[in-house]
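Please open the model in your viewer and keep the sequence beside it. The tour begins at one side chain and works outwards.

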Amino acid sequence: QVQLVESGGGLVQAGGSLSLSCAASAASGRIFSINYMGWYRQAPGKQRELVAVISSGGSTNYAESVKGRFTISRDNAKNTVYLQMNSLKPEDSAVYYCNAHVFVVAWADYWGKGTLVTVSS
């Protein structure tokens with residue numbers, strides 16, 4: 001019922017910045033509410049890990065490895081979550097996935113297809 005569309009991935013040099021966006025939409029055009037929205041990442045051979053999450057009220061949590069460098073935000077009117085990534089390191093390279101807990105006719109968890117971020121030395 002809900003589609004998450006991600007954008008903003010790409011190739012960047014170490015120390016550079018990228019911004020990711022993820023917009024949630026329902027086929028019916030009606031999303032009643034979105035609770036948590038977040039970003040996860042998965043590097044080759046590694047488990048998927050939480051990068052950052054933001055509540056509907058704007059409270060945030062970050063992985064320790066990205067604190068001070070990444071900023072998550074959301075626009076509730078647009079059902080969109082953003083991830084501003086600064087001071088990127090090669091170890092940040094991964095596929096970044098958008099996640100959202102959404103109520104249309106019931107609560108459900110949704111995932112985007114992922115966007116690749118590659119940070120070169």
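Select Asp 92 together with Lys 89: a polar atom of the Asp 92 side chain lies 2.8 Å from the backbone nitrogen of Lys 89, within the limit for a polar contact, which is a pair of N or O atoms within 3.5 Å where, within protein, one must be able to donate a hydrogen and the other to accept it, and where residues adjacent in sequence count only if both atoms are side-chain atoms. This is a predicted model, in which local features need pLDDT of at least 70 and side-chain atom pairs count only at pLDDT 80 or more, while totals for chains, interfaces and linings use all residues. Residues are numbered from 1 along each chain as its sequence is written, and side-chain values use heavy atoms, with hydrogens and water left out.

Stay on Asp 92 and display its surroundings. Asp 92 belongs to the loop between strand E8 (80–85) and strand E9 (94–103), where strands are DSSP runs of E with at least two residues, numbered from the N terminus. Is Asp 92 buried or exposed? With a relative accessibility of 1%, Asp 92 counts as buried, a term that means under 20% relative accessible area, against over 50% for exposed and partly exposed in between (1.4 Å probe, protein chains only). Neighbours within four places in sequence set aside, Asp 92 is in contact with Arg 41, Arg 69, Phe 70, Ser 87 and Val 119, contact meaning heavy atoms within 4.5 Å.

Next, select E9. Of the 10 residues of E9, 7 are buried, so this strand is largely enclosed by the rest of the structure. Strand E4 (residues 33–42) runs antiparallel to E9 and is joined to it by 8 bridges, strands being paired if DSSP finds at least two bridges between them; Asn 99 in E9 has Gly 38 opposite it. Strand E10 (residues 107–111) is also antiparallel to E9, with 5 bridges between them, and His 101 stands opposite Asp 109 in E10. A hairpin through 3 residues makes the connection from E9 to E10. Now add strand E11 (residues 115–120), which pairs with E9 in the antiparallel sense over 3 bridges; here Val 117 in E11 faces Ala 94 as its opposite residue.

Move on to the sheet that contains E8. Colour the 4 strands in the order E1-E3-E8-E7, which form an open sheet with antiparallel pairing. Strand E1 (2–7) and strand E7 (70–75) are at the edges with a single partner strand each, so one side of each is left without a neighbour in the sheet. Neighbouring strands of this sheet are turned by 15° against each other on average, direction ignored, the axes being lines fitted to C-alpha atoms. To inspect one pairing, select E1 with strand E3 (residues 18–26): these run antiparallel and are joined by 6 bridges, and Val 5 has Ala 23 in E3 as its bridge partner.

Finally, zoom out to the whole protein chain, which has 0 helices and 11 strands. Its radius of gyration, taken over C-alpha atoms, is 14 Å, close to the 14 Å that the globule rule gives for 121 residues, so the chain is as compact as a globular protein of that length; the rule is 2.2 Å times the number of residues to the power 0.38. The C-alpha trace spans about 45 × 25 × 25 Å along its principal axes, and buried residues make up 38% of the 121 residues.

Key
Axes are lines fitted to C-alpha atoms, for helices over the stretch in contact, and angles run from 0 to 180 degrees between N-to-C directions.
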